[in-house]
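Please open the model in your viewer and keep the sequence panel beside it. The tour below moves from one selection to the next and states what is found at each stop.

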Amino acid sequence: MYPKRHYFHKMFIFINFITIVIAILYGIGQFIGIAFEQVGPVQYVLRVYVIALSALVILNELELSSLTSTSKLLNMWITRGLTYAFIGVLGLEENGGVVQVQEGADTEMRDMGILFIKVVAWMMVGIGCLYFVMGCLCLQIVLNKMREDYQFRVQRGKEKRKEVKRNPQLFANLGDMA
């Protein structure tokens, strides 16, 4: 009556969660970069652009925006993986060169901030590669079938619960219905 998700379905949800956490950390890292580095107008715009892309990643993983749900680029896992990897490479590139420290900024804090950004950027590249590989292995089709199966079982469970409410005598035989 209360269906459970399959192991692989839970694994895909966990990957979504990890991707959201990485995107949030990535956006925070961009703010850290702005705070501790002297950035020119181009670097500033690039960081704001990467923050916007991080927000887009979050919306895409939560499946909240019609913009992301209708986008073939972000909907298919192969291209989603390539896009996420590209976003990660942007972070690596913008922090790979020599950086000037803002006046009064602690160099130790700046170094820790740059290390944080690089680690999170590598995680974004890694999650992009994971999506790419999962897309190549056609696991998106597997997930879609699992979602459909889970929705069917949820609907069937609702119908069974309604039936039990209408006919309480069935409650004794509840174990047979699972």
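Begin by selecting Arg-47, a residue of helix H2, which covers residues 41-62. Helices here are DSSP runs of H or I with at least four residues, strands are runs of E with at least two, and both are numbered from the N terminus. The model is predicted, so local features need pLDDT of at least 70 and side-chain atom pairs count only at pLDDT 80 or more, while totals for chains, interfaces and linings use all residues. Residues are numbered from 1 along each chain as its sequence is written, and side-chain values use heavy atoms, with hydrogens and water left out.

**Stop 1: the surroundings of Arg-47**

Is Arg-47 buried or exposed? Its relative accessible area is 1%, so Arg-47 is buried; the term means under 20% relative accessible area, whereas exposed means over 50% and partly exposed lies in between (1.4 Å probe, protein chains only). Display the side chain of Glu-94 next: a polar contact of 3.5 Å joins it to the side chain of Arg-47. A polar contact is a pair of N or O atoms within 3.5 Å; within protein, one must be able to donate a hydrogen and the other to accept it, and residues adjacent in sequence count only if both atoms are side-chain atoms. Then extend the selection to the residues in contact with Arg-47 (heavy atoms within 4.5 Å). Neighbours within four places in sequence aside, these are Gln-30, Gly-33, Ile-34, Glu-37, Val-39, Glu-94, Asn-95 and Ile-117.

**Stop 2: the whole chain**

Zoom out and colour by secondary structure. The chain has eight helices and zero strands. Of its 178 residues, 36% count as buried. Among contacts between residues at least 6 apart in sequence, 75% join residues at least 24 apart.

**Stop 3: the largest nonpolar core**

Select Phe-12, Tyr-26, Tyr-84, Met-124, Ile-127 and Tyr-131, the residues with the most contacts inside the largest nonpolar core, which has 25 residues. Such a core is a set of buried Ala, Val, Leu, Ile, Met, Phe, Trp, Tyr and Cys residues joined through side-chain atoms within 4.5 Å. Helix H1 (7-36), H2, helix H5 (77-94), helix H6 (107-136) and H7 each give two or more residues to this core. The greatest contribution comes from H6, with seven residues. Now centre on Phe-12: leaving aside its neighbours within four places in sequence, Phe-12 is in contact with Trp-77, Met-134, Leu-139, Leu-143 and Met-146.

**Stop 4: aromatic pairs**

The structure holds four aromatic pairs. Rings of Phe, Tyr and Trp (its six-membered ring) pair if their centres lie within 6.5 Å; planes under 30 degrees apart count as stacked, over 60 as edge-to-face and the rest as tilted. Tyr-7 and Phe-8 form an edge-to-face pair, with 5.5 Å centre to centre and 65° between the planes. Tyr-7 counts as exposed at 63% relative accessibility, and Phe-8 is partly exposed at 45%. Move on to Trp-77 and Tyr-131, whose ring centres are 5.5 Å apart and whose planes stand at 75°, so this pair is edge-to-face. Trp-77 lies in helix H5 and Tyr-131 in helix H6, so the pair ties together parts that are 54 residues apart in sequence. Trp-77 counts as buried at 4% relative accessibility, as does Tyr-131 at 1%. Add Phe-12 and Tyr-84 to the selection to see one aromatic cluster formed with Trp-77 and Tyr-131.

**Stop 5: loops**

Select Glu-63 in the loop between H2 and H3. Glu-63 has a positive phi of about 55° although it is not a glycine, and it is partly exposed, with a relative accessible area of 49%. Ser-71 follows, in the loop between helix H3 (66-69) and helix H4 (72-75). Its side chain has a polar atom 3.3 Å from the backbone nitrogen of Leu-73 and reaches the backbone nitrogen of Leu-74 at 3.3 Å. Finally, find Cys-138 in the loop between H6 and H7; Cys-138 is not a glycine, yet has a positive phi of about 60°.

**Stop 6: helix H7**

Select residues 139-166, the 28 residues of H7. How far apart are the end C-alpha atoms of H7? They are 41 Å apart, which agrees with the 40 Å that the helix should span at 1.5 Å a residue; the expected span is 1.5 Å times one less than the number of residues. To close, show the buried residues of H7: Leu-143, Met-146, Tyr-150, Arg-153, Val-154, Gly-157, Lys-160 and Val-164.
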